[in-house]
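Dear colleague,

I am handing over the structure we spoke about, and below it I have set out what was found in it. Please read the notes with the structure open beside them.

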Amino acid sequence: MENELYQSEVECKRESEEIDFSDEEKNEKSKTSFDCHICGKSFSRKAKLVIHERTHTGEKPYHCDICGKFFSRNDHLTRHKSGVHTGEKPYHCDICGKSWTQKGNLTTHQRIHTGEKPYRSDICGKSLSQDSDLTRHKQIHSRGKYLYCDICGKSFSRKDNLVIHQRIHTGEKPYHCVICGKSFAWKGNLTAHRRFHTGEKPYHCDICGKLLSNRSTLTRHKQIHTKGKYLQCDVCGKSFFDTHHLTTHKRIHTSEKPYRCDICGKSFYENSYLTTHLRIHTGEKPYHCDICGKSFSHGPSLTVHKYIHSGEKPFHCGICGKSFSRNYHLTTHKHIHTGEKPYHCEICGKSFIRNDYLSSHKRTHTGEKAYHCDICERTIWKITSESKSLSDDICFTGFLHKQRH
């Protein structure tokens with residue numbers, strides 16, 4: 001947990017490390033401590049505190065005279081001008097292609113992919129990826145954990161970590177996503193959340209090459225390679241590498257749907273499905289394509305959409321070689337080779353290779369006609385080439401609106 005907290009507040013740490021002072025200021029030995037009244041972080045000089053406080057206030061006094069962008073620090077403005085307006089980013093990651101204006105940033109970034117932790121504590125042997133993390137870790141040994149949470153009694157070696165911890169109890173969420181408005185208690189969680197909007201996946205599995213959006217997901221993913229899938233469903237035999245995924249999977253068999261929409265009453269197996277569903281009611285589409293500007297309510301929909309621009313079809317059939325832009329389409333395609341029809345009608349027992357085929361079939365039993373024409377007011381079960389040929393071009397467009405109950 002402490003590593004996550006360190007990562008979440010790394011920008012505050014970086015700001016205090018990168019500030020340049022005159023020799024006179026550097027030689028000054030002040031015993032005064034300047035504390036941030038928002039997060040509790042302490043500084044030895046007031047100038048450092050002033051710069052740090054801008055992370056909370058949003059103040060950006062430095063202005064680019066080329067594009068008008070504002071910055072909280074002068075050195076960030078200088079870097080911006082050399083990197084953005086000249087276009088020069090000479091330091092490239094050969095794994096994910098991301099580029100930087102400074103070599104040190106590239107070196108630190110590459111440890112995300114390699115998992116390298118070159119800084120080792122000579123006291124307890126713990127390894128860390130950055131020198132600043134090691135410095136803070138050593139304070140645990142030198143000072144102990146003498147700061148206590150007055151609610152649960154947990155102890156901390158740093159005041160800022162205690163303040164961050166207390167948000168668990170108070171519910172405070174000071175970090176806000178400017179795209180969708182969602183709030184977070186930790187800055188690191190906001191950073192990880194933004195990747196759902198951008199589609200960025202900076203964490204690379206060095207075993208199978210899979211890219212993931214955050215470190216914890218990469219850690220869980222690697223368990224597939226090291227431990228295998230050792231938790232088995234007692235109904236269908238499918239295996240999983242953690243209890244959460246097994247529990248969620250079992251709801252398919254039990255039909256348990258504990259997450260219910262308060263607006264329309266529809267229920268879901270997972271909370272994430274409910275969150276996505278609610279956007280149908282709100283109209284929210286927080287995922288934006290940076291190429292054409294199209295917006296989506298669901299992150300994976302944006303990922304699949306981008307394949308239209310790139311032409312990429314990353315999912316390949318090992319039997320016939322056919323490629324697909326979505327894994328679901330590959331899975332469905334494989335049923336052609338295996339003859340498997342996993343979707344069964346509980347009324348007549350007929351089976352289908354795709355779930356949407358089953359849904360259409362069920363309407364023959366219920367009498368439901370899912371497609372309603374806004375022009376002639378007819379309804380049909382499904383749109384086929386035959387139904388299209390029976391309608392004129394104007395009327396047929398009306399059938400593209402699916403009834404919702």
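A charge is taken to sit over a ring if NZ of Lys or CZ of Arg is within 6 Å of the ring centre and within 35 degrees of the ring normal. Please bear in mind throughout that this is a predicted model. In it, Lys257 places its charged end over the ring of Tyr269, at a distance of 5.2 Å from the ring centre. Aromatic pairs, by contrast, are absent, since a search of the whole structure returns zero of them.

As for the overall picture, the protein contains 17 helices and 26 strands, and of its 405 residues 30% are buried. Among the contacts with a separation of 6 or more, 19% are accounted for by residues that lie 24 or more positions apart. The exposed surface of the protein comes to about 25500 Å², of which carbon and sulfur atoms supply 50%.

The salt bridges deserve a paragraph of their own, and the count comes to eight. One of them joins Glu59 to Arg54, with 3.9 Å between the closest N and O atoms. How exposed or buried are Glu59 and Arg54? Arg54 counts as buried because its relative accessibility is 13%, which is under the 20% limit, whereas Glu59, with a relative accessible area of 42%, is partly exposed.

Another salt bridge is formed by Arg279 and Glu284, whose closest N and O atoms are 3.7 Å apart. Here Arg279 counts as buried, its relative accessibility being 13%, while Glu284 is partly exposed at a relative accessible area of 29%.

A further salt bridge pairs Lys306 with Asp290, the distance between the closest N and O atoms being 3.8 Å. This pair links distant parts of the chain, with the two positions 16 residues apart in numbering: Lys306 belongs to helix 13 (residues 299-310), and Asp290 lies in the loop between strand 19 (287-288) and strand 20 (295-296). Asp290 is classed as exposed because its relative accessible area of 64% is over 50%, and Lys306, with a relative accessible area of 22%, is partly exposed.

With kind regards

Definitions and conventions. Residues numbered from 1 in each chain as written. Predicted model: local features only at pLDDT ≥ 70, side-chain atom pairs only at ≥ 80, totals over all residues. Heavy atoms only, no water. Helix = DSSP H or I, 4+ residues; strand = E, 2+ residues; numbered from the N terminus. Buried < 20%, exposed > 50% of the residue type's maximum accessible area, 1.4 Å probe, protein only. Contact = heavy atoms within 4.5 Å. Areas by Shrake-Rupley, 256 points an atom, 1.4 Å probe, with all protein chains shown as cover. Phe/Tyr/Trp six-rings, centres within 6.5 Å; stacked < 30°, edge-to-face > 60°. Salt bridge = Lys/Arg side-chain N within 4 Å of Asp/Glu carboxyl O.
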